[in-house]
Amino acid sequence: MDLKQLISKNANKIQPDVISSFNSQVAGIKDLIPLTLGEPDFNTPEHIKEAAVQAIRRNESHYTDPQGIPELREAATSYVHDKYGLDYDPKTEVLATAGVSEALLCTFLAIIDPGDEVIIPTPGFPVYEGSVTVPGGKPVFIDTSDNGFKLDPNKLKQVLDEHGDSVKALVLNYPSNPTGVTYNEAELRALADVIKDYDVLVISDEIYSELTYDHNHFSFARLLPDQTITYNGLSKSHAMTGWRVGLVFAKPAILSEIFKMHMFASFSITTNAQYAAVEALNNGRNDAQPMKKVYEERRDLVASGLKAVGLDSPKPEGAFYIFASLPESYKNDSMKFCIDLANEAHVGVVPGVGFGPGGENSFRISYAASTESLKEAVKRIQEFVKNHE
Ligand code: PMP
């Protein structure tokens, strides 16, 4: 029997995401400095770990309210209120998920009928394309590489007009993975001015909000609260990727449907992680600050090191990625560049082509690694580039 035949057409359409597959491809190389994953190298702050330990000791080991324990929903809505000026009701407008990853898939399962379209600015985080495709949705990519990797409101309007009623949603992710660019308030207002005239949802993935370097993060839901679904979580702000805590905020009509999907996907998230998250959101509101300071120094170190050998990038204003252009000798072949760099210089970075249209002439380097490894990696990249002129 050909077991492959039993797999759904939608599942078959999806390729494994380039970040993990490229990471596994190069992981075995001796002495490799891996700058592939978006994984903070900091440890979770002690007070947060302690809250989880206490919860385990109290035998908080059962299923919880599937929407998230009430303390977590209170802590989450009050956190986004105080930090970003958002007003969400802890009873009906927030849901705790196993990372933003689960929240995204549950959202698309809830909103997409086969053939519905979702606009995804690219280069972008590959999970959006996969999660849209599972329920039969069609990604519509807007290549932003000719506009400093930012979505241009006029181009957005043009695509919305061309695609009409088939468009269900638009993805915004800022600060962006993979480009590190973000939007300021004026730029978001210009986008909102276009979006307000269309019946589309905005999937606003703000997971890197606490890692915004040059200005305060501005949440899109402040502009179009009814249309916006806001995603945040503790993975990046509190160095808690492995705890799997994501948060999704939306109006009750939408949130209740995402919640239904979450009940099938995971029911409730890990109980002790929820208590850890309560501690992080109530008493660790500035935990990201010392990390951010270090990330900023590393960003400058890597960006200037790459620039010195002609590898330019848009100014990385947030997250912990630099999306640098390829050397002339590798023009538009990011896969070959990354394979050669890994084999010859023993540095792992991700080919830009994996992030969709507009990424083929770039590579993503994550600077969430120790300053020492980054210095060595920059040296190796510089030598590699000089050897391939
Ligand atoms: N969105 C973006 C833009 C990301 O970079 C990531 C993690 N790499 C996620 C969502 C998912 O994060 P998590 O599931 O850990 O909350």
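Ala, Val, Leu, Ile, Met, Phe, Trp, Tyr, Cys and Pro are counted here as nonpolar, Asp, Glu, Lys and Arg as charged, and the others, Gly among them, as polar. By these classes, the lining of the largest cavity in this predicted model comprises eleven nonpolar and six polar residues, with no charged residue. This cavity encloses about 170 Å³ of space, and among its 17 lining residues Pro121, Pro123, Asn173, Ser176 and Tyr183 lie nearest the centre. Strands β3 (117-122) and β5 (167-173) each supply at least two residues of that lining, and β5, with three, gives the most.

In total, two cavities of 30 Å³ or more are found in the structure. The second largest has a volume of about 70 Å³ and is lined by 13 residues, of which Tyr79, Asn232, Gly233, Ser237 and Leu281 lie nearest its centre. Two or more residues of this lining come from each of α4 (70-84), β7 and β8, with α4 giving the most, namely three. The lining of the second largest cavity divides into eight nonpolar, four polar and one charged residue.

Strand β8 (residues 246-249) is covered on both faces, with Gly246 and Val248 buried on one side and Leu247 and Phe249 buried on the other. Strand β2 (residues 94-97) runs antiparallel to β8 and is joined to it by four bridges, while β7 (residues 228-233) also pairs with β8 in the antiparallel sense, over four bridges. Within β8, Leu247 is the bridge partner of Ala96 and also of Asn232, the latter being one of the residues nearest the centre of the second largest cavity.

How values were computed
Residues numbered from 1 in each chain as written. Predicted model: local features only at pLDDT ≥ 70, side-chain atom pairs only at ≥ 80, totals over all residues. Heavy atoms only, no water. Buried < 20%, exposed > 50% of the residue type's maximum accessible area, 1.4 Å probe, protein only. Pairing = 2+ DSSP bridges. 1 Å grid on protein atoms, 1.4 Å probe; cavity = no way out; pocket = protein on both sides within 12 Å on 5 of 7 lines; lining within 4 Å. Points joined across faces, edges and corners; volume = space filled by probe spheres on them.
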